[in-house]
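Good morning, colleagues. Please have the sequence and the structure before you while I speak.

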Amino acid sequence: MPRLIHLSDLHFGAHDERLVEAVEARVHEEKPHLVVISGDFTQRARTEQFQEACRFLDRLKQAGHEVLGVPGNHDVPLYDVLRRFLSPLTRYKRFIDETLCPWHELDGAAVLGINTARSLTFSDGRISHEQMAFIRQAFERVRDVPRILVTHHPLFALPVGGELAKAVGRSDLALDAIGEAGVDILLAGHNHTASTHSARDLATRAGAALVIQAGTATSTRLRDEAQSFNRIDIEGERVTLTLQCWNGHAFVSGDEQTYARQGDHWRLAHRPVVAEPAN
């Protein structure tokens, strides 16, 4: 029964150091089997911002935590035009991870990250046909455990502030790919709002995925809600999501929802999953 901590939109360079320290403290308390970070490690992809993000990751790893991350649109230089188009993720690869589509297998889950950040868009994301094929191939060998896909940009047009935010480019084809790959859970960020949906409530081609969005964990750039991140406990076809909310002093457990898959649909359940923390 794995436990995941799902962070997103750290935005080093536009962050609050108190929040960084509080996130680390809470991660240590929760003892996850994997820390997932769904993009936007930096505010403007500057070297010093990546260095701060790198130090944060190093502290997590030195404390014994496994980490899987994907780039966000803020990890691509905005104003450095030559670097933006010629080597957009060089600094990300140097300081965060050389792998842009990381893979991690746990005892009880398989997790794949896909890079949706692109040079040609300022904030929107996109998935290539090669990445869709990779999603199918990666999960093809997975048997009898939940398949989890991590992206920075949501694959759906989700409601944000009363309006629908854009979905990732080629979203219809991406939804076909995740349906064929049997993806069970989608983790993303980008919108700085926390939410949970059943994919079938969002799009007719979405398949049987549970959609989990993370808010910003450490950024000072907010959208009408405080900083937060997710704790996700998984037991086969049941998932418990517990929001970790900033109360001005520390991150504390907030709203908790448990979902159970019935056929090809996720529904609210009553008995929460209690995962054994990692050693």
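I shall discuss the nonpolar cores, two helices, the aromatic pairs and two arginines.

Please bear in mind throughout that this is a predicted model.

I begin with the cores. The largest nonpolar core holds 29 residues, and those that touch the most other members are Leu7, Leu10, Val23, Ile37, Phe41, Phe56 and Ile96. Two or more residues come from each of strand S1 (3-7), helix H1 (17-30), S2, H2 and H4. The greatest contribution to this core is that of H2, with six residues. As for Ile37, leaving aside residues up to four places away in sequence, its contacts are Leu7, Leu10, Phe56, Leu57, Val67, Leu68, Gly69 and Val70. There is also a second, separate core of 24 residues, including Ile114, Met132, Ala138 and Ala181.

Let us turn to H2 itself. Its 16 residues, at 1.5 Å a residue, should span 22 Å, and the end C-alpha atoms are indeed 22 Å apart, so expectation and model agree. Which residues of H2 are buried? They are Gln49, Phe50, Ala53, Cys54, Phe56, Leu57 and Leu60. Around the axis these residues cover an arc of only 160 degrees, and therefore they lie on the same side of H2. The general principle is familiar: an α-helix has 3.6 residues a turn, so residues three or four places apart point the same way. Against the buried residues of H2 pack S1, H1, S2, strand S3 (67-70) and H4. Just after H2 comes Gly64, with a positive phi of about 95 degrees.

Helix H6, residues 171-181, may be described in similar terms. Here the buried residues are Ser171, Ala174, Leu175, Ala177, Ile178 and Ala181. Viewed down the axis, the buried residues of H6 fall within an arc of 160 degrees, so they line one face of the helix. What lies over them? The cover of these buried residues includes helix H5 (129-140), strand S6 (147-150) and strand S9 (185-188). Gly182, just after H6, takes a positive phi of about 70 degrees.

I come now to the aromatic residues. The model has seven aromatic pairs. In one of them, Phe41 and Tyr92, the ring centres are 5.7 Å apart and the planes stand at 70 degrees; since planes over 60 degrees apart count as edge-to-face, the pair is edge-to-face. This pair joins distant parts of the chain, 51 residues apart: Phe41 is in the loop between strand S2 (34-38) and helix H2 (47-62), while Tyr92 is in helix H4 (residues 90-95). Both Phe41 and Tyr92 are buried. Together with Phe50 and Phe95, Phe41 and Tyr92 form one aromatic cluster.

Finally, I consider two arginines. Is Arg26, which is found in helix H1, buried or exposed? Arg26 has a relative accessibility of 13% and therefore counts as buried. Beyond residues up to four places away in sequence, Arg26 touches Phe229, Gln244, Phe251, Val252 and Ser253.

Arg141, by contrast, is exposed, with a relative accessible area of 53%. The position of Arg141 is in the loop between H5 and S6. Arg141 lies over the face of Trp103, at 4.7 Å from the ring centre. With residues up to four places away in sequence not counted, Arg141 touches Trp103 and Glu105.

Thank you for your attention.

Notes: Residues are numbered from 1 along each chain as its sequence is written. This is a predicted model: local features need pLDDT of at least 70, side-chain atom pairs count only at pLDDT 80 or more; totals for chains, interfaces and linings use all residues. Side-chain values use heavy atoms; hydrogens and water are left out. Rings of Phe, Tyr and Trp (its six-membered ring) pair if their centres lie within 6.5 Å; planes under 30 degrees apart count as stacked, over 60 as edge-to-face and the rest as tilted. Helices (H or I, at least four residues) and strands (E, at least two) are DSSP runs, numbered from the N terminus. Buried means under 20% relative accessible area, exposed over 50%, partly exposed in between (1.4 Å probe, protein chains only). A charge sits over a ring if NZ of Lys or CZ of Arg is within 6 Å of the ring centre and within 35 degrees of the ring normal. A nonpolar core is a set of buried Ala, Val, Leu, Ile, Met, Phe, Trp, Tyr and Cys residues joined through side-chain atoms within 4.5 Å. Contact means heavy atoms within 4.5 Å. The arc is that of the directions from the helix axis to the C-beta atoms. The expected span of a helix is 1.5 Å times one less than its number of residues.
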